[in-house]
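Reader: I'd like a close look at one part of this protein, the kind of walk-through you'd give at the bench. Could you start from a loop and work outwards, telling me what touches what?

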Amino acid sequence: MTVLGLSLCLGQYGIAQQVGKRQVDKDWPVYGGGNEQDHYSTLSQINRGNVKQLTTAWTYDTGETGWLEVNPIIVGRVLYACTPTHHVIALDAATGKLLWKFDSGLTGIARSRGVSFWSDGDDSRIFAGFRNFLYAIDAKTGEPILSFGENGKVDLRKGLRGEDYLSQSVQLTSPGAIYKDLIIVGGQNPETYPSPPGDIRAFDVHTGIVRWTFHTIPHPGEFGYESWPADAWKKAGAANNWAGMAVDTKRGIVYVPTGSAVFDFYGKNRIGNDLFADTLLALDASTGKRLWHFQGVHHDLWDRDFPAPPALLTVRRNGKSVDAIAQTTKSGFVFLFDRDTGAPLFPIHESSYPSSTVSGEVTSPTQPLPLLPAPFTHQEVNEATLTERTPEAHAWALKQFRSFLPGGQFTPPSVDRLTIDMPGFAGGGEWGGPAVDRANGVLYVNANDTAWLVGLTVPTPPGSAGERIYQSQCSVCHGIDRTGSPPSVPALQGIEGLLTEEELSATIRQGKGRMPPFNSLDDKEVVELVHYLMRAPQQQRRNPVGHEPARVEANHNSTPVVDDDMPYKTIGFRRFLDPDDYPATSTPWGTLSAIDMNSGKYLWKIPFGEYPELVAKGMTKTGSDNYGGPIVTAGGLVFIGATVFDQKFHAYDSHTGELLWETTLPFSGLATPATYMIDGRQYIVIAAGGGQTSKKPLGGLYIAFALR
């Protein structure tokens, strides 16, 4: 551990300090590169001229398989990261040699995107979130710091709502933000009732005691309370920060993006604009006081979470430099604000959209759209934008399209008829977030550009307790007919024989991948749900088309906050795929864009990702699903993995978008890479674990590259 002891030296704000000849910009000490979340490095040893000479420097195999979306951090000579099954590892960042491993003791597959680092003098700590626990770990030894919380961990379920914390469900998928002696966290919440509120909380890094709380579902007397039904704070849920945060340490501001409120696609029980769901919050990092906010979606019915931390940058306006903040969205927009005041730096227009036809629903008449930059994804689907992959696929897509309600951005869901949602529920922009060239104010963002389908239905009265639980807790993602949305949301029809009852019970209790744990279900309810899933008939949906419950008149001040028997469930929000499981819309299905945030104009935009089997048939540059963000360096390079099907790791010219280098990873690198320098050698490292498709195996590798 001597190497660790000599190499660890961070200031009390989590920002690396100079040690001998080592400079601050040689590390990657924070998830996303730095508190600014700009994914930027000043390193330039690897550049446009020599990037083709990259070769594998080292590989570390965790020996585990599962979701590995981690952006590792590097402090001095040590790389800190997570494994697929609730471990934290410290590696020698020059060799990949394991220095220590922390075992949380939890079982199952984790969904954690990284860790946080804090230090003050000789005291250096790693903070990691696994399921509902926040752990404090000695950065030198990997041992738990028992004085933090309860024997080294804080149970994030406690303090959210009422005394029955065991029934709450929250997990920390993105690392907390460090500010002075605080770690500020949100969490991932269920997307159906019951769900706890998405409180933002700051914990003391020494003790684990809560120092402040911001209520994203306002309590009486708090700003925004009137945007919900009366007493909504008692039972309404989510409006949570699952994507991570950015911190301006000079100003003492933490910038917090939030997601939608439950239920995602029907809002009778939350009539109003629902502040602070789908909101970028600027909070005083010391106290949690609201400084300003911007709500990107009013009364969200489309699961339009702000999916990534905002990026801090500096732009030019009228010959002057302005400190700004950029927020990418699932909708394919970039919003740009003055960092101090929240004033938009490009005009935002409240555009009109159609009202809902669903009983009890009251949609917002308008939604905010930025006039610049132009959206980085398509905003609607029409007959001219359907797939041309083959004549047969086009004919099929056209027939299907004509059965749907025309839609796109912010068209409300309907009953027993599907509406096209474009871009789909996987973005647009996703959790990988953008990168920003600090010197030039250019933002780089990768995106999914495919359509999904959504619709509501009146469920058939459940024939068993297990079916009732399924309709209430599971159908929002897997659909009332259990068809799911492969590959990311599996079908639950015919799973008997694929999983044992014990394995299915463990998944329900512990969560897996995108799925959170369902702590609100007691032992009997889990048994009933498993029994139903293992024995349910293949076809479940039997309600007649057009059948709706009696109309419920909306009353803003008396609408109940939660209804245990919600009148509508989703037919299933799923991808619009052709019979061969390719997107049924025109290419590109994924993109990578460079946007000059000084002017709002695009510098370049390219298809991003391919399907190897289509390439073999001569169909290239299709774009594809992609998850995990880019980084940009002073060497003029944009590094990004992210592509699901071709498993490539890429380096692009940041000025032109030209592909300069790529390699095929053993597993898809669905994570944001990191770069750092040790002993005068620059490294690029990425987590490669696969995921998002059942067609490819899962792994658990960290792979570092350097010049020959």
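Author: Pro423 sits in the loop between β24 (419-421) and β25 (435-437). Keep in mind that this is a predicted model. The peptide bond joining Met422 to Pro423 is cis, with omega at about -5 degrees. Gly428 has its place in that loop between β24 and β25 too, and the bond leading into Gly428 from Gly427 is another cis one, with omega near 10 degrees. As background, most peptide bonds are trans.

Now, who meets Pro423? One partner is Arg304, whose contacts beyond its sequence neighbours within four places include Asp421, Met422, Pro423 and Gly424. Arg304 itself belongs to another loop, the one between β18 (290-295) and β19 (311-317). Its relative accessible area is 2%, so Arg304 counts as buried. The rest of its contact list takes in Asp278, Val297, Lys330, Ser331, Gln409 and Phe410. With Gln409 there is something more specific: the two side chains make a polar contact at 3.1 Å. You can also look from Arg304 towards Ala277, which is 27 residues away along the chain, with 9.6 Å between the two C-alpha atoms.

Two names on Arg304's list, Val297 and Phe410, lead straight to Gln367, because Gln367 touches both of them as well. Gln367 is part of strand β23 (residues 366-370). With a relative accessible area of 1%, Gln367 is buried. A polar atom of the Gln367 side chain lies 2.8 Å from the backbone nitrogen of His298. Leaving out neighbours within four places in sequence, the contacts of Gln367 also include Gly296, Trp302, His349, Glu350, Ser351 and Tyr353.

Follow the chain on from β23 and you get to Ala384, in the loop between β23 and α2 (391-401). Is Ala384 buried or exposed? Its relative accessibility is 70%, so Ala384 counts as exposed. For a sense of distance, Ala384 and Leu312 are 72 residues apart in sequence, and their C-alpha atoms are 38 Å apart in space.

Next, the helices. As a rule, two packed helices are described by the angle between their axes and the distance between the axes. Take α3 (residues 465-478) and α5: their axes are 8 Å apart and the packing angle is about 95 degrees. That is why α3 and α5 count as roughly perpendicular to each other. On the α3 side the contact is made by Ala465, Gly466, Glu467, Arg468, Ile469, Tyr470 and Cys474, and on the α5 side by Glu525, Glu528, Leu529, Tyr532 and Leu533. Sorted by class, that contact has seven nonpolar, one polar and four charged residues.

Helix α5 (residues 523-535) has α4 (residues 501-510) to deal with as well: their axes come within 10 Å and cross at roughly 125 degrees. At that angle α4 is oblique to α5. The crossing of α4 past α5 is right-handed. From α4 the contact uses Glu501, Leu504, Ser505, Ile508 and Arg509, while α5 brings Asp523, Val526, Leu529, Val530, Leu533, Met534 and Arg535. By class, the contact of α4 with α5 has seven nonpolar, one polar and four charged residues. If you want residues to highlight on α5, try Leu529 and Leu533: they are listed in the contact with α3 and again in the contact with α4.

Further along there is Gln647, in the loop between β34 (637-640) and β35 (648-653). Gln647 is buried, at a relative accessible area of 10%. A polar atom of its side chain lies 3.2 Å from the backbone oxygen of Pro666. Not counting residues up to four places away in sequence, Gln647 touches Thr663, Thr664, Leu665, Pro666, Phe667, Ser668 and Lys696.

Last, some backbone angles worth a glance. In general, most residues other than glycine have a negative phi. Arg131 has a positive one, near 50 degrees, and it is found in the loop between β8 (123-130) and β9 (133-138). Arg131 is buried, with a relative accessible area of 13%. Ala239 also has a positive phi, near 55 degrees, and belongs to the loop between β14 (210-214) and β15 (246-248). Its relative accessible area is 0%, so Ala239 is buried.

Conventions
Residues are numbered from 1 along each chain as its sequence is written. This is a predicted model: local features need pLDDT of at least 70, side-chain atom pairs count only at pLDDT 80 or more; totals for chains, interfaces and linings use all residues. Side-chain values use heavy atoms; hydrogens and water are left out. Helices (H or I, at least four residues) and strands (E, at least two) are DSSP runs, numbered from the N terminus. Buried means under 20% relative accessible area, exposed over 50%, partly exposed in between (1.4 Å probe, protein chains only). Contact means heavy atoms within 4.5 Å. A polar contact is a pair of N or O atoms within 3.5 Å; within protein, one must be able to donate a hydrogen and the other to accept it, and residues adjacent in sequence count only if both atoms are side-chain atoms. Axes are lines fitted to C-alpha atoms, for helices over the stretch in contact, and angles run from 0 to 180 degrees between N-to-C directions. Angles under 35 degrees count as roughly parallel, over 145 as roughly antiparallel, 65 to 115 as roughly perpendicular and the rest as oblique. A crossing is left-handed if the near helix is turned anticlockwise from the far one by less than a right angle, and right-handed if clockwise. Ala, Val, Leu, Ile, Met, Phe, Trp, Tyr, Cys and Pro count as nonpolar, Asp, Glu, Lys and Arg as charged, and the others, Gly among them, as polar.
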